[in-house]
Structures are given as structure tokens and as C-alpha cells.
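Visitor: Before we start, can you show me what we'll be talking about? I'd like to know what stands behind each label you use.

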Amino acid sequence: MALCAVVGAVLALLAAGAVVVAAQNRAHLDTLLTKTGPLHSDGEALLAALVNQETGVRGYAVSGDRTDLEPYQQGVTQEQEIAARMDRLLADEPAIRQQLRTVEQESAQWRATIAVPIIDATAAQGPTAGQTLVTDSARQQFDRLRTSVTALQDSILGLRNRVADDARGTGNILVLLLVVAGVVVVVAGFALMTSLNRLFIGPITQLAAQVREVAEGDYQRRITRQGPPELAQLADDVDAMRQRIAADLAEVREARSRIEWVNSQLQKQAEELTRSNRDLEQFAYVASHDLQEPLRKVASFCQLLQRRYAGKLDERADQYIAFAVDGAQRMQRLINDLLAFSRIGRLTSGFTEVDLDRVMGDVAAQTEAARESAGAELTWSDLPVIRGEEPLLTNLLANLVSNSVKFRRPDIPPRVHVSARRVDDEWEITCQDNGIGIEPEFADKIFVIFQRLHSKDAYPGTGIGLAIVKKIVEYHGGRVWVDTDVPEGTAIRFTLPVLPALPVLPHPDQAGSADPVEPGTEPESGADADPETVQPTAGPAPAPAQRRPEEDPGAARADGSPSGDAPDDTAPASTGGTKETAV
């Protein structure tokens, strides 16, 4: 602190002296630039004006032409202007100012005794009379005037040299002060570094060396105290930390062995989960191929029994057959819905730019039959272009629109409107209807797979539609929820990212092995109160190969009806793909 105080005081004095010297140097430079320079130029202009006067008088005395007097008249005017300007600049230089006044007096005397008489004589008597007055005495008087102007110029030049010398002197003093200040700073810095090295840097370096030894694994290395009290306290704290680390090290090693054992168990579980996933994928494949075929046969032959023996058996037999047909069809729909749900995000064609206005056109075509049957109105406006999979997005919107049409109020024609608005970096898309609505306590329940809020007799379906909607939205990086604050009907909102998303590539194990969609699927739709499904528009997959009826009389035809039955006894043909229809 004492060193800083002394250095600060010295630098303050040097700064004050530098300010004074700099002010003087600036004053000298101002004098040099704004006074002596213009004075020197005006002195030369003054001499030129006097010479013009003398030349004009001589010319007029020779020619007698009044135009030859113009240099004389202009010279007089210039002389007066220059003299006035120089007089203002020499306000603080009385000696040079007095020389200027002497020049003015001699100039006035020359004009009075020489110039004016010659002009008057020439004007009155002609050039001959004027020339007689141009004598050696007149020339000598003008030479004295010229000498006075030259002496004035010399004085001005001497003033300029003196001011330049003063400016150079103050500049040298200013440089010297700056050099002294620099030397003071360097000396003070050296002294400060020496003090810091002795008081702090040396002890800290030694403490750091001891800490590095501990960090390298020598936890029994004791940290010694040294340096000022603050560093000694720091050394004690570091040593206490070393002791705590040494005490905890044994526990850490024991915990590490336990963690390694747990990691090995987790690795085994991960491998088991991988095998389990492969088994589940194999099960999905079997369900889409092997289970569908016998199920179609059961459904087809039960329908044939129902058609052929309707009314021929007792009422209970007809009821049993109807139960069998309904059960087979429901089992087929459940299997197809499970397959559709499992394929979302697992089989992908990659994200592309999707115009939701165009998608809504496809949705309107798919749901046209159901909407005409219910007298429903479907509108949409200002839908964005996003990145996603168009078949999945079509499936999503078709589910929502079909639900809105299905879960309608019986006394009011259904109205469905799809809109979008941007919220930060997401598009919030809303499907709003005027249907039966959803109670707030069931807002989250409807997105659970196979969760129904109504009986299948009231509203048919499997209860997986909104679960598929939720999975499609989450696959595209969004979220879905039910807005329970609308005044009537139901508003299901979901978000989709505005920024482009990276395409999701298919898993290597799934490439080229997409699960086919079985014939006979019936797209269901999740609604305001009962989640249903619409199958993905992934395109029809080939059904298991069958023999032609002509080759195997006992085999079922591709549509599921026996080959030997009459056409009117055949069961209805399956849809043969995933045609989007509203239920």
C-alpha cells in the first residue's frame, strides 16, 4: 500500500506538470499556426500592395491614361485591409505593432508627397508634367518605405522562430515527463512483483506443488503451512480436505465394486430386453400373417352359417352364430389395430414437406360417406406446411374428424372445423366439433389404448383411435390434449414443430420386412369420449398365398367363402387393404 501511495503521488505530480507543459505547447502551436504564419503572408501581401501603388503612379505619369491608375487604387485598398488585419494579430506584440505603424506612416507620407502630386500634375498638365516629378528623391523615399516593410517582415520572422523554439522546448519537456512516468511505472512494477513473489507467489507455488502430489495419488502427503496467515489457513483447509478424501477413498472403492456388479446386471437385463423386443416383433409378424388366416376362415364360415341357416334353426342358435361372427370380427379388428399401433414410428418412409391443406382434402374424401350419412359439415382454414410422414398425418386427422362425426348429438347436425395457429416454434392445430363433449375428469383417460367410455353397442369401435393419434403426434415431436374450456362440443389440440426435423430412419432389423396390413380391416376412430382408430394408409400388403378354388375344393376362396357355395351364399369380401373409411 505504501508503494502504491508513493507511486500514485509521483505519477500525479508528473501528470500535473505534463498538463501544464502540454497547455503551453498548445499555446505556442496556436501562435505559430494562427498568428505568425498569417502575419508573414500579410507582410508579403503588404509589400506587393505598395509596389502596385508605385507601379500604377509611374504608368499613369508616362501614359496619362486613367486606367493605369487602377493598380494604385487597388493597392491602397489592399494596404488598408492588410494593415488592419495585421494590427489585430499584433495586439500582444507592441514592438512589431509599432513597426507596422511606422510603415503605415511612411506609406501615407509617400502618397502625400510623391504619388498624389504626380497624379494631380499629370491630370492637369499632361504626362510631361507628371514625369518631371518622378525624380531620384522620389525613388529614394519609396526605397526607404520598402526597407521599413522588409524590417517588419524580419521582425515577424524572428517572432515565428522564437515561438517555434518555445514549442520545441515544451514538446521536449513533455516527452521527458512521459519518459520519467514510464520509468516510475516500470520501477514500481518491478518492486511490486518482487513483493508479490515473496509474500504470495512463492508460498502459493509451494502449496500447489504439495496439492499436485496429493492429486497424483499420495493421499498421505501432509500439507505444510507457510506464507502469510491467509495462505497458512488455506493450507490447513486443503490438508483437512485431503484427510477427508483419504477417509472416503476406501468407501469409494467399495462402492465402485458394487456399481460394477450392478452394471453387469443391467447389461444382462438390456440384452434380455433386446431379445424380448425381437420376440415381440416376431409375434407381431405372426399375428399379421398366421393368426389372421384362421381367424378369417372362422369369420367367413360363421357368416355362411348365418346366411344359409338363418331362420332354419331355433332363435338361440341364430343368436349363438351372431355372437360367433361378432366375436371373430372384433378379434380381427383388435389384431389389426394392435398391428397399426405397433407400426407407428417403427416402419417409416422418412419425413417430407407435407401440406396439411392437401392432407385435409384426402381426409374429406375418406370421410365423405360418413359425413353424408350424418349430414356433417367439415371445414378447415390456413393450415401450415410441416415436415412429417403424410400417411401418418392423414391417419391422425382422419381419426379426429371421424370421431367428431361419430360422437355427435342426435338433434344437431355435426360441424367439424380444423384450424392452426403458431405458438413460438410450434404449430398448434385444433379439431373443434359440436358433439357430445368430454368430461374434464376423462380428458387424459381417452388417450389410453383400448380405453372406452361408452359401451360398444352405443358407439362401435375398439377404443384405440386416440391412442394412435397420441403416438403419431409424439412421433412427430409434438403433444396432444383435450381442451375442456370450450363452450360446447370437444376441442382436441395437438402441436407439431415449425422447424424441420431430421428424418427418422428405419431400424436395420426392420428394413425390408414391413408388417403387411391384412384384408378385412375396418378403420375405427377415436372420439370425444371413446377412442377409436383409422388404419394407417401404408398401402395393402399381400395376403398369404392360397390355392385357387378349382385346385382345392375344400379350400376357402381369397374372400373367405367356401369354393363350393353358390354366389348368394358367399360371405362378404374383405376390403383387401387399408381403405380410409369413417365408422
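**Where the labels come from**

Visitor: Why does Leu192 count as partly exposed?

Guide: Leu192 has a relative accessibility of 37%. Buried means under 20% relative accessible area, exposed over 50%, and partly exposed in between (1.4 Å probe, protein chains only). The 37% of Leu192 falls in between, so partly exposed is the label. One caution: this is a predicted model, where local features need pLDDT of at least 70, side-chain atom pairs count only at pLDDT 80 or more, and totals for chains, interfaces and linings use all residues. Residues are numbered from 1 along each chain as its sequence is written, and side-chain values use heavy atoms, with hydrogens and water left out.

Visitor: What makes Leu192 part of a nonpolar patch?

Guide: A patch takes residues with over 30% relative accessible area and no salt bridge, joining nonpolar side chains (Val, Leu, Ile, Met, Phe, Trp, Tyr) within 5 Å and like charges within 9 Å. Leu192, at 37%, clears the area cut-off. With Leu3, Met193, Leu196, Leu199, Phe200, Ile201 and Ile204, Leu192 makes a surface patch of about 620 Å², by the Shrake-Rupley method. Helix 5 (residues 136-215) gives the most, 7 residues, and Leu192 is found in helix 5. Helices here are DSSP runs of H or I, at least four residues, and strands are runs of E, at least two, numbered from the N terminus.

Visitor: How do you know that Arg111 and Glu79 form a salt bridge?

Guide: The rule asks for a side-chain nitrogen of Lys or Arg within 4 Å of a carboxyl oxygen of Asp or Glu. For Arg111 and Glu79, the closest N and O atoms are 2.6 Å apart, so the pair passes. Arg111 sits in helix 3 (residues 94-125) and Glu79 in helix 2 (residues 70-89), so the bridge ties together parts 32 residues apart in sequence. Both partners are buried. By this rule, the count comes to 17 salt bridges.

Visitor: Glu79 has other company too, I gather; what is Ala49 in contact with?

Guide: Contact means heavy atoms within 4.5 Å. Setting aside neighbours within four places in sequence, Ala49 touches Gly75, Gln78 and Glu79. Ala49 lies in helix 1 (residues 2-63), and its 0% relative accessible area is why it is called buried.

Visitor: What about Glu254 and Arg258: what makes that pair a salt bridge?

Guide: Their N to O distance is 3.3 Å, so they are inside the cut-off. Both lie in helix 6 (residues 229-289), 4 residues apart, about one turn of the helix. Glu254 is partly exposed because its relative accessibility is 48%, and Arg258 is partly exposed at 48%.

Visitor: And why are Glu428 and Arg493 called buried?

Guide: Glu428 has a relative accessible area of 10% and Arg493 has 17%, so both fall under the cut-off for buried. Their side chains meet in a salt bridge at 3.8 Å, N to O. That pair links distant parts of the chain, with Glu428 in strand 5 (residues 426-433) and Arg493 in strand 7 (residues 491-497), 65 residues apart. The two also belong to a salt-bridge network with Arg421 and Asp483.

Visitor: Last one: how do you know that strands 1 and 3 pair?

Guide: Two strands pair if DSSP finds at least two bridges between them. Strand 1 (residues 352-355) and strand 3 share 4 bridges in the antiparallel sense, so they qualify. Val354 stands opposite Ile386 in strand 3. Strand 3 (residues 385-388) has Ile386 and Gly388 on its covered face, with Val385 and Arg387 on the uncovered one.

How values were computed
Areas by Shrake-Rupley, 256 points an atom, 1.4 Å probe, with all protein chains shown as cover.
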